[in-house]
Structure formats: structure tokens, C-alpha cells
Amino acid sequence: MCGAAPEKDDSMTATRTDPAKTQPAKPARTKPPVLLTAVGRQRTGKTVFLNALTETVMRQGGDVEVWNTDLLNVSHSIAHFHPNTRKPATGNLKEQKTWLEQQIEGMVKRQKDVILDIGGGWTAFHEIINSTPLVPQLAKLGIKVVVVYMLGTELADADYLQDLQEKRRFLPGHSIIVMNRGLLPLGYSNNSHFDKIRQTPAVMNATVDASDENGGIYFLPELDGMDEITDRRMSYADFIDDKNVEGHPPSGLFDRMRAEVWFHRSFPEFLAQIDPSLLPDMPKGLPVPKDFE
């Protein structure tokens, strides 16, 4: 006679867990996605600004894609700082335009923020803006196009902007004017040195709809020794933490301290002046400027 089957001990039974259910949930978006890029002449700080913004957004829980069509900027390409950067296979304008159109269509489906480094000159992005109703169409789909105009102290920076406005009919939706204090001549520290740029018709046209107390113009703080970070192709956090990079000497203590103050206090104070709806989503909120005293 067979005995009764032993009772099953549930405590000894392994439970298979769905890996998807164990992954931490992505923070919920707090606002619609933005497609943000920086426009300006070469060497006005576009990649520096976009790189710092990208690192900040990611540290604040943002889920942002980085696209790069600035294939001429080899040494300081944004792709060096963010390995998952998407980029076209060629620098040909027509092929880049096709690639960028495909990426934008994908963005509409994914509903993710995008930071786009387009480089200087007339680019595939300019071509798309100029030849299609991209800005109003994306607005209907809940995506905001934000263009940051990066300017230094030279009138030629404003001439570039005026050429876009008058000859190229490049007048995208939401605009931000950023004056790069890192381009102030040696020995100058007062923002009044930018007055001749601020008073040009091109800058006034770009900020005519601004309603904040800054008039749509913001001053990117300078960092003495910024090239110590960009030449090493490091994140600000890694540079501050004194990570070593092969082929480069150890970083200086004072360079690291200046970088820490810039990234954790000066840059957050700069971002806090800008309308948050014009920036990529940061579920943890804007970074709180660090008090070093």
C-alpha cells in the first residue's frame, strides 16, 4: 500500500521572479520632452554647455538622449563624454539631414528629451528648420524645440545670429541667449563687456518675447582650467574625484577645487535662472547649489 504523498513545503520552493519587475521604476516625467540644441560660431562654448547640462540632467534622474552631428569637432566631441551618443555615419549634409529626420521621428515615438550638438556653420538641423514646419508640428505632438544661442564678446558672434535670422530665415520656437563669460578677455570680469552684443538687433530680436527678469539673456559662468577637463575627456564628477587618465599628468588640486565650485554651485545657479520648461526633465529637480562655507 502506497503512503500518502508528502505535503509540499512552500518555504523550500524557489520563486522565479520576473527580472523586468525587479528593475527600479524610471522616474515619472514632470513635463513634456524638449529637443534642445546650441547654435553659434565655432569655439563659443556650445559643447561645453551641452556637456555640462547633459551630466547635470542625468545626475538629477533625467532620461535624456544625446545626438551629435558635429563630426568636425574631433578632440572635444560630446561623444567622448557620453558614450551612448547617437551620431550619423557621415558628415555629408544631405545624409546627415536624412539621419536627423529619422532620429526626430523616433523621438516622437519614444517621448524622450534630446540634447543635440550640431556644431557651427549651416547644419542639417538648420536645413530642416528652414525647409519644414518642424517647430509647430512637434509642438502639436507635445515636443518643444529649444535653441540656445551661444555668444562671446565679439560682434561677429551677433553677425552670425543676424545672418541666420535675415538671410537664412532661421527663427525656431523657444530661444535662449547665453553669453559665455569664459570668453571674456583676460583681465575683464564685468558683464558690461557684453553690452555691445546685447544691444545688437539680432540679440534683441531673439529675446523680444522673453518675459523673465533676465530678458532671455543668461551668463554662463567661467571656469579657469576648463580645458583641463575637456582635454582629458572626463566628466566633471570624475575630474573632481581625481580620476586618472592615461597619457595625462595628475590634475592639480586647485583645478579640481575650482571645477567642484563651478559644477556644484555656479552652474546650478546659472540653470536656476532659466525657465525649467525649456530644459530637459529632471525628476529630482534642479540641483541645489552647494554651500562650500
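This is a short walk through the fold, the helix packing, the aromatic rings and the salt bridges of the structure above.

Okay, one thing up front: what you're looking at is a predicted model.

Let's start with the whole chain. We have 293 residues, and 44% of them count as buried. The secondary structure comes out as twelve helices and six strands. The accessible surface is about 16100 Å², with 51% of that belonging to carbon and sulfur atoms. And if you take contacts between residues at least 6 apart in sequence, 75% of them join residues at least 24 apart.

Now the sheet. In what order do the strands of the open sheet run? Reading across, you get β2-β3-β1-β4-β5-β6, six strands with parallel pairing. The edges are β2 and β6, the latter being residues 217-220; each has a single partner strand, so one side of each has no neighbour in the sheet. On average, neighbouring strands are turned by 25 degrees against each other, ignoring direction.

If you want to zoom in on one edge, look at β5, residues 174-180, which runs parallel to β6 and is joined to it by four bridges. Asn180 is the residue standing opposite Leu220 in β6. Over towards the other edge, α4 lies across β1, β2 and β3, and runs at about 175 degrees to β2.

Next, a bit of helix packing. Helix α5 covers residues 124-131, and its buried residues are Ala124, Phe125, His126, Ile128 and Ile129. What covers them? The cover includes strands β1, β3 and β4, along with helices α4, α6 and α7.

The α6 part of that is easy to follow through Leu134, which lies in that helix, residues 134-140. Leu134 has a relative accessible area of 11%, so it counts as buried. Setting aside neighbours within four places in sequence, Leu134 is in contact with Ile104, Ile128 and Ile129. Two of those names, Ile128 and Ile129, you just heard in the α5 list. There's also a C-alpha separation you can check on screen: Leu134 to Val145, eleven residues apart along the chain, is 8.7 Å.

On to the aromatics. Searching the whole structure gives seven aromatic pairs. The one I'd pull up is Tyr236 with Phe263, which is stacked, with 5.0 Å centre to centre and 5 degrees between the planes. That pair links distant parts of the chain: Tyr236 sits in α11, Phe263 sits in α12, and they're 27 residues apart. Buried or exposed, for Tyr236? Buried, at a relative accessible area of 1%. Phe263 is buried too, at 4%. Both rings belong to one aromatic cluster, together with Phe49, Trp262, Phe267 and Phe270.

Last topic, salt bridges. The structure holds 13 of them, and I'll show three.

Number one is Lys112 with Glu65, at 3.8 Å from N to O. Here Lys112 is in the loop between α4 and β3, while Glu65 is in strand β2, 47 residues apart. Lys112 is partly exposed at 21%, whereas Glu65 is buried at 6%.

Then there's a local one, Asp255 with Arg258, at 2.9 Å. Both lie in α12, three residues apart, which is about one turn of the helix. Asp255 has a relative accessible area of 18%, so it still falls under the 20% cut-off and counts as buried. Arg258, at 35%, is partly exposed.

And the third: Glu260 with Lys290, where the closest N and O atoms are 3.0 Å apart. Glu260 is in α12 and Lys290 is in the segment after α12, so this bridge ties together parts that are 30 residues apart in sequence. Both ends are partly exposed, Glu260 at 22% and Lys290 at 37%.

One more thing on charges. Which residues do shared partners join into one network? That would be Asp63, Glu65, Arg86, Arg110 and Lys112, and you'll recognise Glu65 and Lys112 from the bridge I showed at the start of this part.

That's what I had, thanks.

Terms used: Residues are numbered from 1 along each chain as its sequence is written. This is a predicted model: local features need pLDDT of at least 70, side-chain atom pairs count only at pLDDT 80 or more; totals for chains, interfaces and linings use all residues. Side-chain values use heavy atoms; hydrogens and water are left out. Helices (H or I, at least four residues) and strands (E, at least two) are DSSP runs, numbered from the N terminus. Buried means under 20% relative accessible area, exposed over 50%, partly exposed in between (1.4 Å probe, protein chains only). Contact means heavy atoms within 4.5 Å. Accessible areas come from the Shrake-Rupley method with a 1.4 Å probe; for residues, only the protein chains shown count as cover. Rings of Phe, Tyr and Trp (its six-membered ring) pair if their centres lie within 6.5 Å; planes under 30 degrees apart count as stacked, over 60 as edge-to-face and the rest as tilted. A salt bridge is a side-chain nitrogen of Lys or Arg within 4 Å of a carboxyl oxygen of Asp or Glu. Two strands pair if DSSP finds at least two bridges between them. Axes are lines fitted to C-alpha atoms, for helices over the stretch in contact, and angles run from 0 to 180 degrees between N-to-C directions.
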